[in-house]
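Grab your viewer and work through the exercises below. Try each task before you read its solution.

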Amino acid sequence: MRKPIIHALVVAALLAVAACGSDAASTPTGSPGPGASASESAPVSSAGNPAGSGLVTAKVPVELRPVVSVKPGMEVSGPDQVIGPDDTVYTLGPSIGQFPEFKSVRAERTDFGWVVTIELTAATSAVFAQWTTAHVGEQLAVMVDGTMVSAPTIQAPITGGSVQISGNFTEESAKRLVAEITGS
């Protein structure tokens, strides 16, 4: 069952970890899906639209859960299964935490296309650094109000407190993910 928040934007998804194992294309065209990837933030050529200054408090905490398996179809058969933004069934592992605040969540244009950059708070950064170090190459579901907004693949340990989600984002889809993450 899809919730209206999926129509909002951004999973800054805290862990805006893009999903399903593909990196950003040099010319993003489609909407980002679970096949995005997450990595440490890189310099950007021009700023996107910041979600605001100071701490960004999500209307609903962002929950991060490891992806255990992915299968085609749209029929869930258990409590740990969800339908992702790509209309695929994801089986999720136990939560690694809920994250209600971020330093910032924004859509940005880089030399490689549009990305979503999330600056983590100190507490969130420590949890994320530990988890991503142990799970490089795995997918992480970004959940907002029980709905998966992104499922990026961890490309490298994210230890610097800044997460960048890449994929085939357009400006609109990157901003949408930000809205989904922040609940705005």
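**Exercise 1: a hairpin and its turn**

Task: work out how β8 and β9 are connected, and what phi does in the turn.

Solution. Start with the link: β8 and β9 make a hairpin that leaves two residues between the strands, and Asp 145 in that turn has a positive phi of about 55°. Helices (H or I, at least four residues) and strands (E, at least two) are DSSP runs, numbered from the N terminus. Before going on, note that this is a predicted model, where local features need pLDDT of at least 70 and side-chain atom pairs count only at pLDDT 80 or more, while totals for chains, interfaces and linings use all residues. Residues are numbered from 1 along each chain as its sequence is written, and side-chain values use heavy atoms, with hydrogens and water left out.

Next, the pairing: β8 (residues 140–144) and β9 (residues 147–150) run antiparallel, joined by three bridges. Two strands pair if DSSP finds at least two bridges between them. Across from Val 144 you'll find Thr 147 in β9.

**Exercise 2: positive phi outside glycine**

Task: find where Asp 87 sits and decide how exposed Asp 87 is.

Solution. Some background first: most residues other than glycine have a negative phi. Asp 87 isn't a glycine, yet its phi is positive, about 60°. Its place is the loop between β4 (81–83) and β5 (88–92). With 37% relative accessibility, Asp 87 counts as partly exposed; buried means under 20% relative accessible area, exposed over 50%, and partly exposed in between (1.4 Å probe, protein chains only). Now go back to the hairpin: Asp 145 is partly exposed too, with a relative accessible area of 38%.

**Exercise 3: two helices**

Task: check the span of α2 against what is expected, then say what its buried residues pack against.

Solution. Helix α2 (residues 171–182) has 12 residues and reaches 17 Å from first C-alpha to last, close to the 16 Å expected at 1.5 Å a residue. The expected span is 1.5 Å times one less than the number of residues. Among the buried residues of α2 are Ala 174, Leu 177, Val 178 and Ile 181. They pack against β3 (56–72), β6 (97–110), β7 (113–120), β8, β9 and β11 (162–169), where contact means heavy atoms within 4.5 Å. Just past α2, Gly 183 has a positive phi of about 75°.

Repeat this for α1 (residues 122–134): its 13 residues reach 19 Å, close to the expected 18 Å. Its buried residues include Phe 128 and Trp 131, and the cover over the buried residues of α1 includes β3, β6 and β10 (153–154).
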